[in-house]
Amino acid sequence: MGLKRQKKWKQKKKGKGKTTFYAYLYSAPSLILIGLVVVFPILYTGYISLTNMNVYHWFDFEIIGLGNYERALLLVDSGFLSALLATILWTVVNMVIQLVVAFVLASLLNIQSLKLRKFYKTLLMFPWAMPGYVSILLWKTGMFNSQFGLLNQWMEKLGLQAVRWLSSDVSAFICCTVVNLWLALPFMIMIMDGALQSIDKSYYESAILDGAGWFKRTIYITLPTIRPIIAPAVIITVFTTFKQFDVVYLLTQQAGAKTGSHFHTLLTYAYENAFITNNYGYSSAISIIIFALLLLFSWKFRLKEEP
Amino acid sequence: MKRLRKWTAWILVLAMLVPLVLTTAGCSGETQADDNRIVIWHDKEDAVAEALEAELARLVPDVEIVLEKKTSLTDSLKLSGNDPSAAPDLFIFAHDKIGVFAEMGILAPVTDFVSEETLSSYLDMTIDAVTYKDTIYQLPIYFETLLFMYNRRYMQDDEVPATTEELYAYMQENTGRGRYGFVEQHSTAYYSAAWIHGFGGSLISADGQPLLDSEEVRRALQYHLKFVELMPGETEYSTVNTLFIEGQADATIGGPWMVPSAREAGIDLGIAPMPTVDETGLKLSPYSGVQGVYVLNHAAQSKDETVRQVLEALSNPSVGVALAQASGCAPANTACYDDPAIAEDEMVQAMRETAEIATPMPNIPEMDVMWTVTGNLLSDVNLSGEDVDTAAAQAQEEALDLIAAMQ
Amino acid sequence: MRNRKKMRKRIGLVFLNLFFIALCFVTLIPILYALSVSFNAQNSLLSSDFSFLPEQFTLDNYREVLFGEDILVWFGNTAILAVSTVAISLAVAIPAAYCFSRRRFPGRMAVIRALVLLNSFPAVLSMFAVYRLLRPLGLINSRAGLILVYTGTMAVFSLWNMKGYFDTIPVELEEAARIDGASTFRLVRLIVLPLAKPSIIVTALMVLIYVWNEYIYATTFMTGEDKYTLAAGLYSLQATEMSGSWPVFAAASITVSLPVLSIFFLCQRHMVSGLTAGGVKG
């Protein structure tokens with residue numbers, strides 16, 4: 001190796017080091033924030049899960065090792081497993097419907113001759129503009145309430161029996177799904193819409209010249225192009241759906257307003273079976289276990305993302 | 001080019017500094033502990049808060065009182081604990097959290113500030129309610145309990161049921177076609193406890209043993225079922241409240257907080273004693289909640305004298321009278337009842353009478369989990385149609401597990 | 001022939017419009033419901049005889065919301081929080097997203113993957129730890145504390161969402177400009193940001209809506225009604241069931257949603273990507 005070449009190589013390496021340094025420097029504020037608000041709580045929860053912090057040892061808690069995990073694993077009984085299954089089903093159903101509906105609606109909204117597009121879009125975004133729990137409350141009392149709810153008023157007008165929408169497991173699941181979709185679709189439509197608009201129209205033109213129909217264009221052009229754009233939003237929505245608490249809890253499980261349904265997601269189950277004990281050590285262990293489950297799933301389904 | 005890059009770097013440094021600057025701004029904004037300033041958290045209606053504020057301003061004009069409304073009060077306290085920089089000095093809440101906070105070690109006994117003599121004029125029920133492990137942790141101000149209320153337009157005074165069977169007969173006669181003879185939050189622990197107590201049972205023993213599968217509880221649930229069948233399939237507050245206020249239900253068991261809206265809706269409201277359970281001869285005995293002021297340890301130590309003044313002021317009968325007038329609260333201090341305005345208030349008197357038979361909510365920490373477990377048991381039995389015995393056995397086991405998990 | 005095609009297109013368009021009108025109506029039923037209740041003079045959300053047109057029209061509930069409650073104060077608090085959070089979020093996320101999209105450096109993919117996974121930790125569960133973090137900093141009951149929590153919570157989404165979009169912008173554009181001697185900063189400002197406008201707006205909106213609707217941290221960390229945000233204030237209105245008046249609550253819900261909705265409407269114009277307008281080949 002000549003001296004010259006070595007020098008050049010060194011320079012290159014130095015350049016690379018510099019790039020890395022600057023990349024991290026520019027990313028630092030963001031990464032520091034994430035470290036503080038996202039990573040630190042996880043580590044702290046991990047630490048608390050090793051202690052006996054509870055009502056009786058609020059200030060004088062000490063590290064007791066893995067005892068909490070041993071007890072937490074005892075919670076992994078049939079109830080926990082069915083909650084886990086229900087959560088998976090819930091996530092899959094919600095995501096599939098969300099993606100399909102959002103894609104179809106966004107595509108329709110992108111038809112050039114639709115002049116009122118902006119108007120429709122704004123109206124469809126309305127559910128997003130309302131605080132989530134307000135919407136849930138509106139649905140619960142305004143729509144599903146078996147005495148006064150709009151649904152039952154309509155049932156009555158149609159001469160049908162009033163239904164207790166939230167009381168059985170299956171219908172509670174469906175109602176929760178409807179509300180969740182109502183809450184989540186605006187965001188998904190918006191993401192899809194943004195992605196569709198970023199597609200270079202000339203692709204389509206040449207495809208049309210080649211005689212490709214709508215279906216073919218969708219499969220070969222639209223989907224591959226929008227995939228990387230929507231991937232972050234979709235993956236984050238998957239997690240949000242998996243850890244959904246408000247919709248299920250407020251609709252069916254709220255203390256003092258239970259409806260008799262046994263539909264639980266992992267989080268509502270953990271809430272009722274651990275968090276209400278005020279035993280922070282034990283609850284933290286459960287949190288970490290749920291988190292580990294989430295990691296396991298995402299690893300299983302390999303979140304592929306273009307490097 | 002190099003210069004521009006430097007510039008970018010500077011911008012980034014600035015961006016990083018923003019949080020830091022905000023941090024320091026936050027620090028300097030914090031008020032120093034002022035011995036003459038007492039922060040009180042509460043979660044009460046505006047009418048109660050205003051009356052309290054006015055009374056305190058009159059009684060202790062030298063102390064700066066800050067009444068702060070806190071929505072998730074107990075959750076916040078579990079976070080802030082005894083930290084002077086984040087926690088209040090005093091807080092006003094029902095007595096059922098005494099056990100939790102006392103075990104956490106953040107409460108100071110109120111007997112350090114108020115004499116035995118002062119406390120001797122309080123209703124026995126309220127003092128019992130606020131005593132945990134022989135220590136008094138809360139200075140009662142007023143109490144509330146559920147009342148049997150009826151709409152005189154539909155239920156005449158002589159129709160008011162004296163026993164539960166009479167109530168059932170009345171319900172059978174008057175329920176149907178969108179109308180209800182009687183409604184209550186039937187699958188909610190707080191409300192159903194009245195029935196369980198009416199059978200001589202209770203949710204949890206004084207030493208923290210759940211009693212959900214006891215004979216009494218199961219009998220009460222079984223008996224209660226036929227009433228539930230004649231009530232709507234919803235147990236939440238707004239349904240029951242609206243049915244009564246819109247005149248679609250003749251009678252209800254509800255809290256004093258329903259009274260203002262009922263009066264506003266123009267209902268000729270009657271208040272009657274609780275019916276007696278035919279089988280046992282006991283009256284339905286609802287839970288009573290004693291609302292009062294708690295003292296946090298840090299304030300007890302650092303603001304000893306000021307806290308004493310405030311607590312003394314709060315034990316003044318005029319506070320109870322003012323609150324009773326402002327929103328119909330029943331004072332805990334017997335001296336208040338000498339006031340003619342209170343003596344004439346039908347609702348306050350009814351509440352005082354019910355207080356004689358009411359059961360104070362348990363204040364042990366274990367009770368915290370019983371609300372949820374009992375709620376589940378009730379909805380299983382009443383709404384999902386599960387067998388009482390199986391559901392009760394299951395709930396008992398659940399309660400034992402949860403209580404074990406608290407340690 | 002051509003006429004017929006035109007005709008078919010027109011009919012299709014009519015159906016499309018009808019479809020969207022129906023869809024919007026169905027979507028908005030709960031909101032129309034709240035709207036009707038809020039304009040209704042009778043005091044109940046749960047009236048058993050409902051019609052979309054209130055029988056006795058009144059604006060009292062809105063008057064009550066605007067002047068009876070502290071809603072204007074809450075609005076101010078929320079606006080301050082929202083603006084600062086959005087500004088800081090974008091300020092920290094754009095450079096980070098650009099670096100993660102354009103630069104190749106060790107640990108890049110690992111960091112991205114880790115971020116997404118870490119973000120899956122349920123926020124409800126981190127409350128306690130976040131409290132422990134803010135207390136020593138003296139940020140409990142201060143706006144700065146909430147801003148810190150909000151920006152941090154949304155940081156992963158912001159970074160990741162924009163990185164995804166930056167990835168789709170052809171590097172060739174930048175290379176051409178670089179040859180012309182533009183610095184990275186100029187490059188980002190003049191080429192990347194305009195092209196990534198839709199993504200930036202979506203991110204900003206997302207952060208804004210999160211802040212607008214978040215109530216758990218706001219009610220737990222802030223004390224006193226004068227410090228509430230809109231969502232927290234509304235939550236407390238609803239939580240005090242004893243005095244809760246449904247029409248006022250409904251009116252408040254509508255009032256709270258309107259600013260977000262108008263911001264959304266204003267943003268739409270800017271959400272068309274530069275890519276569709278220009279003749280850029282990927």
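The paragraphs below lead through a predicted model, beginning with confidence and going on to the contacts between chains, the domains and some single elements.

Confidence is a sensible place to begin. Chain A has a mean pLDDT of 85, with 92% of its residues at 70 or more. Within chain A, the lowest confidence falls in helix H1 (residues 3-48), where the mean is 78, while the highest falls in helix H3 (residues 78-109), where it is 93. For chain B the average pLDDT is 88, and 92% of the residues score at least 70. One stretch of chain B calls for caution, since over residues 23-32 the pLDDT stays under 50, although the model has 14 contacts beyond four places in sequence for these residues. Where pLDDT is low, the predicted coordinates should not be read in detail.

With that in mind, the reader can turn to the places where the chains meet. Between chain C and chain A, 82 residues of chain C are in contact with 78 residues of chain A. On the chain C side of this contact, the largest share comes from helix H6 (residues 143-168) of chain C, which gives 15 residues. Sorted by class, the side of chain C that touches chain A has 57 nonpolar residues, together with 22 polar and three charged ones.

Chain A is also in contact with chain B, and here 37 residues come from chain B and 30 residues from chain A. The elements that give two or more residues to the chain B side are helix H1 (2-29), H4, helix H10 (237-245), helix H17 (367-382) and helix H18 (388-406) of chain B. The largest share of that side, seven residues, comes from H17(B). By class, the side of chain B that touches chain A has 16 nonpolar and 16 polar residues, along with five charged ones.

The next step is to look inside the chains, at their domains. In chain B, the domain assignment gives domain 1 as 37-144 + 288-360 and domain 2 as 147-285 + 366-406. Taken over C-alpha atoms, the centres of these two domains of chain B are separated by 28 Å. Where they meet, 14 residues of domain 1 of chain B are in contact with 12 residues of domain 2 of chain B. On the domain 1 side of chain B, helix H4 (98-104) and helix H16 (346-357) each supply at least two residues, and H16(B) gives the most, with seven residues. The residues on this side of domain 1 of chain B divide into six nonpolar, four polar and four charged.

Chain C is likewise divided, into domain 1 (2-58) and domain 2 (70-277). The centres of domain 1 of chain C and domain 2 of chain C, taken over C-alpha atoms, are 32 Å apart. Eight residues of domain 1 of chain C are in contact with seven residues of domain 2 of chain C. By class, that side of domain 1 of chain C has four nonpolar and four polar residues, and no charged residues.

Two elements of chain B show how burial can be read from the model. In strand E7 (residues 138-145) of chain B, eight of the eight residues are buried, so the strand is largely enclosed by the rest of the structure. E7(B) is joined by seven bridges to strand E12 (residues 287-296) of chain B, and the two run antiparallel; in this pairing, B:Pro140 has B:Gly292 of E12(B) as its bridge partner. E7(B) also pairs in the antiparallel sense with strand E13 (residues 330-331) of chain B, over two bridges, and the partner of B:Tyr142 in E13(B) is B:Pro331.

The second element is helix H13 (residues 304-314) of chain B, in which B:Thr306, B:Val307, B:Val310, B:Leu311 and B:Leu314 are buried. They cover an arc of only 130° around the axis, and therefore lie on the same side of H13(B). An α-helix has 3.6 residues a turn, so residues three or four places apart point the same way.

A single residue of chain C closes the tour. C:Ile191 is found in helix H8 (residues 184-195) of chain C. C:Ile191 counts as partly exposed because 18 other C-beta atoms lie within 10 Å, whereas a buried residue has 20 or more. Leaving aside neighbours within four places in sequence, C:Ile191 is in contact with C:Leu173, C:Glu174 and C:Ala177. The C-alpha atoms of C:Ile191 and C:Ile169, which are 22 residues apart along the chain, are separated by 9.6 Å.

Methods: Residues are numbered from 1 along each chain as its sequence is written. Chains are lettered from A and ligands numbered from 1 in the order in which they are written. This is a predicted model: local features need pLDDT of at least 70, side-chain atom pairs count only at pLDDT 80 or more; totals for chains, interfaces and linings use all residues. Two residues are in contact if their C-beta atoms, placed from the backbone, lie within 7 Å. Helices (H or I, at least four residues) and strands (E, at least two) are DSSP runs, numbered from the N terminus. Ala, Val, Leu, Ile, Met, Phe, Trp, Tyr, Cys and Pro count as nonpolar, Asp, Glu, Lys and Arg as charged, and the others, Gly among them, as polar. Domain bounds come from an automatic or database domain assignment. A residue is buried if 20 or more other C-beta atoms lie within 10 Å of its own, exposed if 12 or fewer, and partly exposed in between; C-beta atoms are placed from the backbone. The arc is that of the directions from the helix axis to the C-beta atoms. pLDDT is the predictor's confidence in each residue, from 0 to 100. Two strands pair if DSSP finds at least two bridges between them.
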